[in-house]
Amino acid sequence: MQDGTKFRSLTIVDVYTREAVAIEVGQSLKGDDVVRTLNRVKLERNVPKVLFCDYGPEFRRHNNRAKHTVTS
């Protein structure tokens, strides 16, 4: 941001249609925020079989892509 304040964004994209299903922005996003957003998306759409997570630069030294199976 212009005043130097950092922000985080959670973007959920349908990789098949390339649709941005949800975008959440805040100064900090916690696990509860992710769960709340995923639950909202679950109510609006079908539950995906697989989630791919692309972690930010703070995780680059580790495996930067993870694949998670979803249970409904």
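From the N terminus on, the protein chain runs β-β-α-β-β, which comes to one helix and four strands. Helices (H or I, at least four residues) and strands (E, at least two) are DSSP runs, numbered from the N terminus. The model is predicted: local features need pLDDT of at least 70, side-chain atom pairs count only at pLDDT 80 or more, and totals for chains, interfaces and linings use all residues. Residues are numbered from 1 along each chain as its sequence is written, and side-chain values use heavy atoms, with hydrogens and water left out.

**Exercise 1. Work out how β1 and β2 are arranged.**

Step 1: find the strands. β1 covers residues 8-14 and β2 covers residues 19-26.

Step 2: get the direction. They pair in the antiparallel sense over seven bridges; for two strands to pair, DSSP has to find at least two bridges between them.

Step 3: pick a cross-strand pair. Leu10 stands opposite Glu24 in β2.

Step 4: look at the turn. Four residues sit between the strands of this hairpin, and Arg18 in the turn has a positive phi of about 65°.

**Exercise 2. Find the residues that make the nonpolar surface patch of about 310 Å².**

Step 1: know the rule. Patch residues have over 30% relative accessible area and no salt bridge; like charges are joined within 9 Å, nonpolar side chains (Val, Leu, Ile, Met, Phe, Trp, Tyr) within 5 Å.

Step 2: name the members. Phe7, Ile23 and Val25 make this patch.

Step 3: check one of them. Phe7 belongs to the segment before β1 and is partly exposed at a relative accessible area of 47%. On this scale buried means under 20% relative accessible area, exposed over 50%, and partly exposed in between (1.4 Å probe, protein chains only).

Step 4: zoom out to the chain. Buried residues make up 14% of the 72 residues. The chain exposes about 6500 Å², with carbon and sulfur atoms supplying 51% of it; accessible areas come from the Shrake-Rupley method with a 1.4 Å probe, and for residues only the protein chains shown count as cover.

**Exercise 3. Trace salt bridges of Arg45, Arg40 and Arg36, and say which parts they link.**

Step 1: set the cut-off. A salt bridge needs a side-chain nitrogen of Lys or Arg within 4 Å of a carboxyl oxygen of Asp or Glu. A search of the whole structure finds five.

Step 2: start with Arg45. Its side chain meets that of Glu19 at 3.3 Å, N to O. Arg45 lies in the loop between α1 and β3 (50-54) and Glu19 in strand β2, so the pair ties together parts that are 26 residues apart in sequence. Arg45 is partly exposed at 30%, and Glu19 is partly exposed at 37%.

Step 3: move to Arg40. Its salt bridge with Glu24 spans 2.9 Å, N to O. Because Arg40 lies in helix α1 and Glu24 in strand β2, this pair ties together parts 16 residues apart in sequence. Arg40 is partly exposed, at 34% relative accessibility.

Step 4: finish within the helix. Asp33 is in helix α1 (residues 31-44), and its salt bridge with Arg36 is 3.0 Å, N to O. The two are three residues apart in α1, so about one helical turn separates them. Asp33 is buried at 18%, whereas Arg36 counts as partly exposed at 46%.

Step 5: look for shared partners. Salt bridges that share partners join Asp14, Glu19 and Arg45 into one network.
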